[in-house]
Amino acid sequence: MSIELSDNATHDELLQQAEALLSVTGDAVANAASLSALLFHALEDVNWVGFYFLKGNQLVIGPFQGKPACVLIPVGKGVCGTAADTLQVQRIEDVDAFEGHIACDVESRSEIVVPLVKGGRLLGVLDVDSPCLGRFNVQDPEFIEDVAGWYLQALTGGRVDSARSRALSCPC
Ligand code: SME
């Protein structure tokens with residue numbers, strides 16, 4: 001399956017593209033990889049998009065787009081660890097004003113981290129960074145939370161029937 005990304009895709013267009021990607025499999029890693037790529041290339045003013053998965057009492061880096069980042073983040077540390085600890089979305093206008101922020105990419109100025117909770121269980125977080133101050137207060141905050149919701153939905157029961165999955169598979 002190939003996805004054509006336009007520079008100014010609307011949220012509705014991105015939703016359609018995300019639905020197509022998520023319809024193929026409920027695999028957690030595959031879908032995290034696909035959504036990271038979709039968001040990184042489609043959203044304006046972002047420099048890092050990725051998933052961390054909870055393993056024990058720490059977050060372990062998963063599929064992402066952007067510069068190499070912290071591999072392990074203890075729950076409770078940084079913006080990601082705070083989202084994991086509180087189960088609350090962290091929308092950080094200025095990362096320098098967030099005590100304990102972990103600077104993986106020095107260009108990051110603002111950040112949103114959405115906890116991924118399914119059936120009352122924390123699975124990990126979706127993290128999006130921007131080189132612009134206050135990026136997530138004005139652009140796309142609910143949309144990114146929606147993307148996290150679609151990801152969770154696709155993990156179970158999100159698989160489409162096998163006929164459609166086959167139709168979307170690579171024909172070669
Ligand atoms: N800034 C995050 C660390 C992860 S990177 O941004 C990719 C934090 O403070 O948890």
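Helices and strands are taken here as DSSP runs, numbered from the N terminus, and the views below all show a predicted model.

**View 1. Secondary-structure elements that build the shell around the ligand.** At least two residues of this shell are supplied by each of β1 (48-55), α3 (78-86) and β6 (121-130). Of the elements that contribute, α3 provides the largest share, with 3 residues of the shell. Sorted by residue class, the shell around the ligand consists of 8 nonpolar, 2 polar and 3 charged residues.

**View 2. Nearest residues and polar contacts of the ligand.** The ligand is surrounded by 13 residues, of which V79, C80, I102, E111 and D129 come nearest. A polar backbone atom of V79 is placed 2.9 Å from an oxygen atom of the ligand, while a polar side-chain atom of D129 lies 2.8 Å from an oxygen atom of the ligand. For E111, an N or O atom in the side chain is 3.1 Å from a nitrogen atom of the ligand. The ligand taken alone exposes 300 Å², and the protein buries 100% of that area.

**View 3. The cavity that holds the ligand.** The space that the ligand takes up is the largest cavity.

**View 4. A salt bridge between K67 and E107.** Side chains of opposite charge can pair when their charged atoms come close. In the whole structure, 4 salt bridges are found, and one of them joins the side chains of K67 and E107, with an N to O distance of 3.7 Å. This pair links distant parts of the chain, 40 residues apart, since K67 belongs to the loop between β2 (58-66) and β3 (72-74), and E107 to the loop between β4 (90-92) and β5 (110-118).

Terms used. Residues numbered from 1 in each chain as written. Predicted model: local features only at pLDDT ≥ 70, side-chain atom pairs only at ≥ 80, totals over all residues. Heavy atoms only, no water. Near = heavy atom within 4 Å. Polar contact = N/O pair within 3.5 Å; in protein donor to acceptor, adjacent residues only side chain to side chain. Areas by Shrake-Rupley, 256 points an atom, 1.4 Å probe, with all protein chains shown as cover. 1 Å grid on protein atoms, 1.4 Å probe; cavity = no way out; pocket = protein on both sides within 12 Å on 5 of 7 lines; lining within 4 Å. Sits in = over half its atoms within 2 Å of the grid points. Helix = DSSP H or I, 4+ residues; strand = E, 2+ residues; numbered from the N terminus. Nonpolar A, V, L, I, M, F, W, Y, C, P; charged D, E, K, R; others polar.
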